[in-house]
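Work through the exercises below with the sequence and the model open side by side. Each task is followed by a solution in steps.

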Amino acid sequence: MTKQCTISCDPAVLPEIRKFVGEVLSSNNLAEVESHKMILAVDEICANLIIHANNCDPTHQLNITVEVRPNDQVIFTIKDQGRTFDFTNYKEPSIEEIVSSRRKGGLGLMLVRRIMDDIQFATEKNYNICTLIKKL
């Protein structure tokens, strides 16, 4: 089953994203704890794209697709036309580094990597595409 939604790049829509993903996952009878983890991961990626790639510009949009493959996996595809993120150059910070520098943030991708089984970033035909895969 595949469901899709398009939202503006305004941080105020993050609750809508969580609701959309939650409804798709609950309609597929997925375990509540696993569903909440996936909602958190998608929310984190969308927040990063809205804030960092699209500068909270509500005229920009995110397209979110959730595909649930029975007894197999859940695939989240998030497309935007904002600034490209180079995942190959991403270096995960250590917890000690974050604590000692007293900086806020920096844990989002680390968290997403621990929740999801695979994360892919690509660029195709003027779109940035983030794919998150969770094996069931």
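A residue is called buried under 20% relative accessible area, exposed over 50%, and partly exposed in between, with a 1.4 Å probe and protein chains only as cover. The model is predicted: local features need pLDDT of at least 70, side-chain atom pairs count only at pLDDT 80 or more, and totals for chains, interfaces and linings use all residues. Numbering starts from 1 along each chain as its sequence is written, and side-chain values use heavy atoms, with hydrogens and water left out.

**Exercise 1. Lys134**

Task: decide whether Lys134 is buried or exposed, and find what its side chain reaches.

Solution.
Step 1. Locate Lys134, which is in strand 5. Helices (H or I, at least four residues) and strands (E, at least two) are DSSP runs, numbered from the N terminus.
Step 2. Apply the cut-off: Lys134 has a relative accessible area of 12%, so the residue is buried.
Step 3. Follow the side chain of Lys134, which reaches the backbone oxygen of Ile115 at 2.8 Å.
Step 4. List the contacts (heavy atoms within 4.5 Å). Leaving aside neighbours within four places in sequence, Lys134 is in contact with Glu34, Met38, Gln73, Val74, Ile115, Met116 and Asp117.

**Exercise 2. Gln73 and Thr77**

Task: classify these two residues of strand 3 as buried or exposed, and state what each touches.

Solution.
Step 1. Place both residues: Gln73 lies in strand 3, and Thr77 is in strand 3.
Step 2. Gln73 is buried because its relative accessible area is 13%. Thr77, at 18% relative accessibility, also counts as buried.
Step 3. Not counting residues up to four places away in sequence, Gln73 touches Glu67, Val68, Ile133, Lys134, Lys135 and Leu136.
Step 4. With neighbours within four places left aside, Thr77 is in contact with Asn63, Ile64, Thr65, Ile129, Cys130 and Thr131.
Step 5. Compare sequence and space: Gln73 and Asp117 are 44 residues apart in sequence and 9.7 Å apart from C-alpha to C-alpha.

**Exercise 3. Helix 1**

Task: find which residues of helix 1 are buried, and why they lie on the same side.

Solution.
Step 1. Check the length: helix 1 has 13 residues and reaches 18 Å from its first C-alpha to its last, close to the 18 Å expected at 1.5 Å a residue. The expected span is 1.5 Å times one less than the number of residues.
Step 2. The buried residues of helix 1 are Leu14, Ile17, Phe20, Val21, Val24 and Leu25.
Step 3. They cover an arc of only 125 degrees around the axis, which puts them on the same side of helix 1. The arc is that of the directions from the helix axis to the C-beta atoms.
Step 4. Recall the general rule: an α-helix has 3.6 residues a turn, so residues three or four places apart point the same way.
Step 5. The buried residues of helix 1 pack against strand 1, helix 2, strand 2 and strand 3.

**Exercise 4. The nonpolar core**

Task: describe the largest nonpolar core and say which element gives the most to it.

Solution.
Step 1. Define the set: a nonpolar core consists of buried Ala, Val, Leu, Ile, Met, Phe, Trp, Tyr and Cys residues joined through side-chain atoms within 4.5 Å.
Step 2. The largest such core has 35 residues, and Ile17, Phe76, Ile78 and Leu132 have the most contacts inside it.
Step 3. Elements giving two or more residues to this core include strand 1 (2-8), helix 4 (108-115) and strand 5 (127-135). Helix 2 gives the most, with 10 residues.
Step 4. Examine Phe76: beyond four places in sequence, its contacts include Val21, Leu25, Met38, Val42, Cys130 and Leu132.

**Exercise 5. Positive phi**

Task: state where Asn29 and Asn126 lie, and whether each is buried or exposed.

Solution.
Step 1. Start from the general case: most residues other than glycine have a negative phi.
Step 2. Asn29 has a positive phi of about 55 degrees although it is not a glycine. Asn29 lies in the loop between helix 1 and helix 2 and is exposed, with a relative accessible area of 71%.
Step 3. Asn126 has a positive phi of about 70 degrees, and is likewise not a glycine. The loop between strand 4 (118-124) and strand 5 holds Asn126, which is exposed at 66% relative accessible area.
Step 4. Just after helix 2, Asn55 takes a positive phi of about 50 degrees.

Conventions:
Polar contact = N/O pair within 3.5 Å; in protein donor to acceptor, adjacent residues only side chain to side chain.
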